[in-house]
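Let's take a walk through a protein model together, one spot after another. Keep the picture open and turn it as you read.

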Amino acid sequence: MPIFDTHAHYDSGSFNPDRAEVLASLPESGVGLVVDPGCDVESSRAAIVLAEQYPHVYAAVGIHPEDCGGCTDADFEEIRRLAQHEKVVAIGEIGLDYYWAENPPKEFQQTVFRRQIELALELDLPIIVHDREAHGDSLAIVLEYPDLRGVFHCYSGSPEMAAELLKRGWYLGFDGPITYKNAKRAPEVVAITPLERIVVETDSPYLTPVPFRGKRNDSRLLPYVLETLAEWKGISTEEMIRITWENGKRLFGLE
């Protein structure tokens, strides 16, 4: 059974030296599907170009909270247009990021987040949520939209917040940080997350798992995340690969 990397930024400049080689090698390395989410109009376009070139790559389009400063109605219209491409499976990466002081103002981030949620609902697409140091507001906003569906990418909130999301049918994404020594909360979250709501991600080129932490990440390192999750859930790695493959396909409508 192949692996589904539900979140990897192969449009990133980190892959400029060898992007084609890495992407072409994924199927023979056991990675059967990848979703590449955009972070602004330009990277959303770039993700679609990759999806057109590689049968195993799909795209998401959206404006990331760190990149939303100065975004215009024209940008939203372009995201709407791009979202109708046949290989676009979600609106993302969108959400809230209160970590960096220089990020756009919180209220503006929230407005941009809501506009893109409304687009996803209009187009009947799931969303990919980026939530960094903004758990309360991220949860409150998604709960305003009962029909909304999607994934909290690289989930870092509390088990209590996870329970609220799971109750409403959300998926949670797990990445390299679950392999780090300081991953205290992740085992508690995974413990309460049903197997059918777990998806795996690399967030390539970021969040590289142990034992490669500090190096560039790519989808071929996902087995380290899958092994950790399988151990915590008391199942085989093969079973975790199968379950997360099926979950990813269900989440993104690729069944």
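Keep in mind that what you see is a predicted model. Let's start with the aromatic rings: the structure holds seven aromatic pairs. Take Y99 and W100, whose ring centres sit 4.7 Å apart with their planes at 85°, so this pair counts as edge-to-face, the label used for angles over 60 degrees. If you wonder why both numbers are given, a pair of aromatic rings is described by the distance of the centres and the angle of the planes. Now, are these two residues buried, exposed or in between? Y99 has a relative accessibility of 41%, so it counts as partly exposed. W100 comes out as partly exposed too, at 36%.

Rings can also link up into a group. Look for F4, W245 and F252, which ring pairs join into a cluster.

Some rings have a charged partner over their face. What lies over the face of Y58? That's K87, at 4.4 Å from the ring centre. Over at Y180, the residue lying above the ring face is R213, and here the distance to the ring centre is 3.6 Å.

Next stop, the pocket. The largest pocket holds about 1,000 Å³ of space, and 35 residues line it. If you want to find its centre, look for R132, C154, S156, P177 and L207, the lining residues that lie nearest to it. Which helix and strands should you check for the lining? Strands β5 (127-132) and β7 (171-174) and helix α7 (185-192) each give at least two residues to it. As for chemistry, the lining is a mix of twelve nonpolar, eleven polar and twelve charged residues.

Helix α7 is also home to A191. This alanine has a relative accessible area of 57%, and since that is over 50%, A191 counts as exposed. A191 and W232 are 41 residues apart in sequence, yet their C-alpha atoms are 7.4 Å apart in space.

Finally, go to P104, in the loop between β4 (88-97) and α4 (106-123). Is P104 buried or exposed? Its relative accessible area is 12%, which is under 20%, so P104 is buried. Leaving aside residues up to four places away in sequence, P104 touches P65, E66, C68, G69 and Q109. For a sense of scale, try Y224: P104 and Y224 are 120 residues apart along the chain, and 35 Å separates their C-alpha atoms.

Conventions
Residues are numbered from 1 along each chain as its sequence is written. This is a predicted model: local features need pLDDT of at least 70, side-chain atom pairs count only at pLDDT 80 or more; totals for chains, interfaces and linings use all residues. Side-chain values use heavy atoms; hydrogens and water are left out. On a 1 Å grid over the protein atoms alone, a cavity is a set of points where a 1.4 Å probe fits but cannot get out, and a pocket is an open set with protein on both sides within 12 Å along at least five of seven lines; lining residues have an atom within 4 Å of a point. Grid points are joined across faces, edges and corners, and a volume is the space filled by probe spheres set on the points. Helices (H or I, at least four residues) and strands (E, at least two) are DSSP runs, numbered from the N terminus. Ala, Val, Leu, Ile, Met, Phe, Trp, Tyr, Cys and Pro count as nonpolar, Asp, Glu, Lys and Arg as charged, and the others, Gly among them, as polar. Rings of Phe, Tyr and Trp (its six-membered ring) pair if their centres lie within 6.5 Å; planes under 30 degrees apart count as stacked, over 60 as edge-to-face and the rest as tilted. Buried means under 20% relative accessible area, exposed over 50%, partly exposed in between (1.4 Å probe, protein chains only). A charge sits over a ring if NZ of Lys or CZ of Arg is within 6 Å of the ring centre and within 35 degrees of the ring normal. Contact means heavy atoms within 4.5 Å.
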